[in-house]
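Trainee: Could we go through this one together? I'd like to learn how the labels get decided.

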Amino acid sequence: GAPASPAAVVESIDDEESDRWKAMSDAFDFGGLSGDDDDGHRGHRDRGETRDARNDSTRLGDDDAYAPSTPQRRGRTAGASRLLPVRWLESRGVGSVDGADRGFFPGVDADRRPTEGAADKIDAGAEANEELAARFAREYRSIQPFLTRRVAETWMTRSALGRRGARGALEAGQARDAGASEPVKTTLLFSRDNSNFLGRGGMCDRADDVPFREAWSHVAAHAAGRTDRRCYFRAPLAVELRRGIDFTAASVVFGGEGEAETNAKAKAKAAETDESNAPPPPFSERTSSVWVSSPGCITPLHFDLCHGLLTQLSGTKRVLLVAPEHSRSLHRNPPSHANPNSSPVDLPLWLGDASRDEDVVEERRRYPRVANVVGEVYECVLTPGDTLYVPPFWWHHVTTLGEASTSLLLAFDPTAEEGVHPCVED
């Protein structure tokens, strides 16, 4: 039979929490699928209007914690289909990039990607936050992923995390709790197969309450080639870590349809006078975290039950995304599985990202229904300053590319009106 599934790194949540966030994040507790997979037209907006499929070239920058890029594997079995590039929230008329409407298969068309820095052509400040908020509510919320430069527009220069990721926070002395001598504590994971990371189900060795500096030393050692052992750690977005991060744009754009401009300004003013700089609504401290990973770490195919904003602060990540309508075609794990909201499918391998054609053939033999999603898979490569919006129930597979990566996750609950997607409902 098929080998045990790798699955996503799952954020640990306090066992005493009993609110809706815990119900959504803790247990992956939805049961079986209902109905057949709808593999036909889904009514998405014009995909020809997409932006920038991005580039996975490594950005060495001034950080010495990196490893040489792993050469792209170029399997011959990928076929003629293409991946779909993720659209940008910013106006289609602002900073358009030549060739942005070309998707590609992993490992096959790497030389056809746009050049690195293409996203710099997007003028993140050309539209008001309120305009982007209206577009989010009208076209994307709970419907489709997108990329934006607006969320982290000021972070990349004004915060230590933005300037150099985890290393920058350490150098600035921001890896300690405010007013205390104790360092920020992390959850550190070592994958047993040295690639795929899972917070439960016996796939990883886990250590809790690891000081931030110690956890970073493991990531940096692998990135610099001093060890072969990959690791992944999560830290709460503690007061010191979020120093210099301006949440105003994120709060206004994602704060809810129809929110009055005066309310948005009032929240921004409150944030300025709040020394703790707590993430404002719709975010919260308990749903905000920093994720740091070694090159080559994989978060396998899974979906989450909340809205997610993944901002890349240092390093690069490749993300593949598939709509929830295709849950059945992705061979979702059964309710009895440790992670039922995950899949055993190695999606990049199935799509042809392998050095040996026989590995691709075997993966396709094991999981034949994945053929239904060919032509419906989205792809992007996150570089520093990019934020990816992932709607609830959208499947995603994440790979850290050629250097140590730092990402910031801001998540928020769906409203009661949004409910559960019918394709994953009991």
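Mentor: Sure. Let's start with a word we'll need shortly: contact means heavy atoms within 4.5 Å. Keep in mind too that this is a predicted model.

Trainee: Which helix helps to cover the buried residues of H9?

Mentor: Helix H8 (347-350) is included in what covers them. The buried residues themselves, in helix H9 (residues 357-366), are Asp357, Val360 and Glu363.

Trainee: Why do we say that they line one face of the helix?

Mentor: Look down the axis of H9: the buried residues fall within an arc of 125 degrees, so they line one face. Turned away from that buried side is a face with the exposed residues Val361 and Arg365.

Trainee: On to the loops. Is Asn277 buried or exposed, and how do you know?

Mentor: Buried means under 20% relative accessible area. Asn277 has 15% relative accessibility, so it counts as buried.

Trainee: And what makes Asn194 partly exposed?

Mentor: Partly exposed is the range between the buried limit of 20% and the exposed limit of 50%. Asn194 has a relative accessible area of 23%, so it is partly exposed.

Trainee: What makes the phi of Asn194 worth pointing out?

Mentor: Most residues other than glycine have a negative phi. Asn194 is not a glycine, yet its phi is positive, about 65 degrees. You'll find Asn194 in the loop between strand S3 (185-191) and strand S4 (204-211). Asn277 isn't a glycine either and has a positive phi of about 50 degrees; its place is the loop between H7 and S6.

Trainee: Which peptide bond is cis?

Mentor: The one from Pro281 to Pro282, with omega near 10 degrees. Pro282 is in the loop between helix H7 (261-273) and strand S6 (288-293). For background, most peptide bonds are trans.

Trainee: Now the strands. Why are S1 and S7 called edge strands?

Mentor: Five strands form an open sheet in the order S1-S10-S9-S12-S7, with mixed pairing. Strand S1 (84-85) and strand S7 (298-302) each pair on one side only, and they are the edge strands.

Trainee: How do you know that S7 and S12 pair?

Mentor: Two strands pair if there are at least two bridges between them. S7 and strand S12 (residues 395-400) have three bridges, in the antiparallel sense. Ile298, for instance, has Thr399 in S12 as its bridge partner.

Trainee: What makes both faces of S11 count as covered?

Mentor: In strand S11 (residues 387-390), Thr387 and Tyr389 on one side are buried, and so are Leu388 and Val390 on the other. As a general rule, side chains in a regular strand alternate between the two faces of the sheet.

Trainee: Which strands pair with S11?

Mentor: Strand S2 (residues 146-148) does, antiparallel over three bridges, with Phe146 opposite Tyr389. Strand S8 (residues 307-314) is joined to S11 by four bridges, also antiparallel; there Thr311 has Thr387 as its bridge partner.

Trainee: Last one: which residues touch the most other members of the largest nonpolar core?

Mentor: Of its 45 residues, they are Phe136, Trp155, Phe212, Trp216, Leu241 and Phe254. Helix H5 (residues 212-223) gives the most to this core, six residues. Another core lies apart from it, with 17 residues, including Phe303, Leu320, Val373 and Phe393.

Methods:
Residues numbered from 1 in each chain as written. Predicted model: local features only at pLDDT ≥ 70, side-chain atom pairs only at ≥ 80, totals over all residues. Heavy atoms only, no water. Buried < 20%, exposed > 50% of the residue type's maximum accessible area, 1.4 Å probe, protein only. Helix = DSSP H or I, 4+ residues; strand = E, 2+ residues; numbered from the N terminus. Arc of directions from axis to C-beta. Core = buried A, V, L, I, M, F, W, Y, C linked by side-chain atoms within 4.5 Å.
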